[in-house]
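Here is a quick walk through one protein, sheet by sheet and then into its cavities and cysteines. Have the viewer open as you read.

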Amino acid sequence: MAAAGASEVPGSQALKRNSDDMAWEFAELFDPDDLQRVRCKLCGKEMSRGVNRMKQHIAQIRGQVTPCLVTNADQQARCKAAFEAPQKRKKLKEKQAEEVRAEVTIDAEDDEELNAVGKGDPKNAGPMDQYVVPINPNVPLKKFQRNINDSIDKERSYRVGQYLTRWMYKKNVPFNAINDDDFKQFCEALGRYGPDWRQPSQYLIREKMLLQEVEKTRELLKPHDVERAHTGCSIMTDAWTDKKRRSIMNLCVHCKLGTVFLESKEASADAHTSLYIFNYVDECIEKIGADNVVQVVTDHASNNMGAKAMLKSKRPKIFWTSCATHTINLMVEAIGKLKQFAPVFEPLVKVLRLADSDGQSMASMYGEIIEAKKAIMLAVENSEKDYRVITTAMESKMNGRLDTPLHMAAYVLNPYYSYSSTSIFTNLEVMSALMEVEIFYHDDDEKQNKVLNIELPKFKKKEGMFGKVAATKAIGNENYNAGEWWATYGLQTPVLMDMALRILNLTTSSSGCERNWSVYEQVDAKRRNKLDVRRRDNLVYIQFNGRMMDKRKKYSSSDVLLGDDASMAQDWIVEGAYVDDEVDPATGLNDTIIDEAMGMEPRRSARVRELHEVEEFVSDGESEHDVVMEDDIEFESDDDGVIETNDNEDEEDVMQP
């Protein structure tokens, strides 16, 4: 058979490529003297030009190679998709770059003379003016044929780059800043303007332009206002001390679209009493609208709990919950003092990552705590005694914090849990919590009757749209989101759906406030500590909210992070916030988690935080998204290293090309 003959290689050694390209499932090297020649494992055909030609061969794409007649439909489809994927990604990247450029306009408002570059300029037109014309962002740039030598053009471009990099090196600008869309737009705008552009003065930068950028950011955040009115929001507050020993309180607002920095307040001369915190939060609620606020999230400090009681008295329809990240840190710390902590650490770390994400963690928090308890039981080999010792330590920290009616209501309303275990609907504690939340929301007899006696039974019995096959399949999808599920399949139960959306889209943590302090560290750095409070707050407002919006553009959603992928949750807002700690071989956990569990400065235990002496700019470590991806390369190089291995050997040494 051809396939059998194809697998035979002369000599005792076989060649193997050091590549994970899917085409090597069908291809193999057979000529040590020509590493660009491959052989089809299915039909035995030999060809040059490497594995990309093999993809065309298997996918039966005619034109450059004869098709393989032994392939099945699945193999053809996979190879065709793999062959076309780089081009699709390249086109998508080009489209995104064009969109970034299209947002640039240097036209002056209501001034036609200034819109024509050179018309208002008394200087003579230079050679570059023939390429510089007023451009409508909606119209693609007209390409002019250049008459200069390409090599000279490249050299000149390189020299321009040297001026830029010299400034970056001297001012400690991170290398990955070059990939920022705002910088690309600046380069585009500068190129459209042409010669003789003069940089703005410091006065313009710190006054007029800064205020204009703040207003622009507010305009860009208007969709958040709409979302808060639709699905509700959470208010978060925290306190911090800067290098001048000024005490500062901040306010952040979280909704389905992400966390927004709202404002900060210097409170150096004031005691952070319960009344003081209550008044500060209550003012924020008035600005946002009490009907749009579902909960307030803070840590469990006594002054916050005093403010909670005051808020409940004035606004009984707004919850005040404890920060889940702070609470779980305390749980991990308590278990870390027990000798049995090592095997039960990992389930709690998963919950901690969920709490520390910027997504809608309320939908999963209570359910994941229950799952963590099940994993702990397995970790202690079903020892009831050890299990009780560990869970008692957990519950001593979470009681009244992570098992509130709001958390339990989210557990019931998330079909990921309630449809997988129908016993949830007969659990007295959980269902009582749901009823308490329902009454807490509506305080209306007719609505209570409609939700509890008409709409909730439909959800429990999977009637109407709840029973659709698509609804069931959606729950198991990788990108499942409980809030989106209700918005799609809950239309026949509008009152219950509205309540579900306002609960399931909530956060459980005030981590956004701590990320906000990270931005303060960068703005209020050693070389900029003479900034007044107003300018500092404006810079923080632009940076924090701008990064949040940029992240949403890249990742399209801020869904809850679970499992291993959640290890990067802290990096959602603050670039470079994730640090790759050393991993302990005994527990498989990083040093930071272990230190916190052993009671060594838990991250969120302190009410007021001190800052390290930091410079103006963050580390220039480049994220994984800044690296040139293999998908951007149309064809794989066949000059890469080849692994030469004996058939019976497990270890492989890479050969240099």
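Start with the open sheet of 5 strands, which has the order 7-6-5-8-9 and mixed pairing. Its edges are strand 7 (258–266) and strand 9 (319–322); each has a single partner strand, so one side of each is left without a neighbour in the sheet. From one strand to the next, the twist averages 25°. Keep in mind that this is a predicted model.

**Strand 5 and its partners**

Strand 5 covers residues 233–241 and is worth a closer look. How many of its residues are buried? The count is 9 of the 9, so strand 5 is largely enclosed by the rest of the structure. In a regular strand, side chains alternate between the two faces of the sheet. Here both faces are covered: Cys233, Ile235, Thr237, Ala239 and Thr241 are buried on one side, and Ser234, Met236, Asp238 and Trp240 are buried on the other.

To one partner, strand 8 (residues 293–298), strand 5 runs parallel, and 4 bridges join the two. With strand 6 (residues 247–255), strand 5 pairs in the antiparallel sense, over 8 bridges. Strands 5 and 6 also form a hairpin with 5 residues between them, and arginine 245 in the turn has a positive phi of about 65°.

**The smaller-numbered strands**

Another open sheet has 3 strands in the order 2-3-4, with antiparallel pairing. Strand 2 (27–29) and strand 4 (46–47) stand at the edges; each has a single partner strand, so one side of each lacks a neighbour in the sheet. Strand 2 runs antiparallel to strand 3 (residues 38–40), and 3 bridges join them.

If you want to check the register in the viewer, here are some residues that face each other across strands:

| Residue | Opposite residue | Strand of the opposite residue |
|---|---|---|
| Cysteine 233 | Valine 293 | Strand 8 |
| Serine 234 | Glutamine 295 | Strand 8 |
| Threonine 241 | Serine 247 | Strand 6 |
| Alanine 27 | Cysteine 40 | Strand 3 |

**Cavities**

Now for the empty space. The model has 3 cavities of 30 Å³ or more. The second largest cavity holds about 40 Å³. Which residues line it? They are Met236, His254, Thr259, Ala355, Ser357, Asp358, Thr507, Ser509, Ser510, Ser511, Gly512 and Arg515. By class, that lining divides into 2 nonpolar, 8 polar and 2 charged residues. Helix 23 (residues 511–523) gives the most to the lining, with 3 residues. Met236 ties this cavity back to the big sheet's story: Met236 is among the lining residues, and Met236 is also one of the buried residues of strand 5.

**Cysteines**

How many disulfides are there? The count comes to 0. Cysteine 68 is in no disulfide, and the nearest cysteine sulfur, that of cysteine 43, is 3.8 Å away. A disulfide would need the two sulfur atoms within 2.5 Å. Cysteine 68 also counts as buried, at 0% relative accessibility.

Why does cysteine 323 have no bond to cysteine 513? Because cysteine 513 holds the closest cysteine sulfur, and at 9.0 Å from the sulfur of cysteine 323 it is too far for a bond. Cysteine 323 likewise counts as buried, with 1% relative accessibility.

Key: Residues numbered from 1 in each chain as written. Predicted model: local features only at pLDDT ≥ 70, side-chain atom pairs only at ≥ 80, totals over all residues. Heavy atoms only, no water. 1 Å grid on protein atoms, 1.4 Å probe; cavity = no way out; pocket = protein on both sides within 12 Å on 5 of 7 lines; lining within 4 Å. Points joined across faces, edges and corners; volume = space filled by probe spheres on them. Nonpolar A, V, L, I, M, F, W, Y, C, P; charged D, E, K, R; others polar. Buried < 20%, exposed > 50% of the residue type's maximum accessible area, 1.4 Å probe, protein only. Pairing = 2+ DSSP bridges. Axes fitted to C-alpha atoms, helices over the stretch in contact; angles between N-to-C directions.
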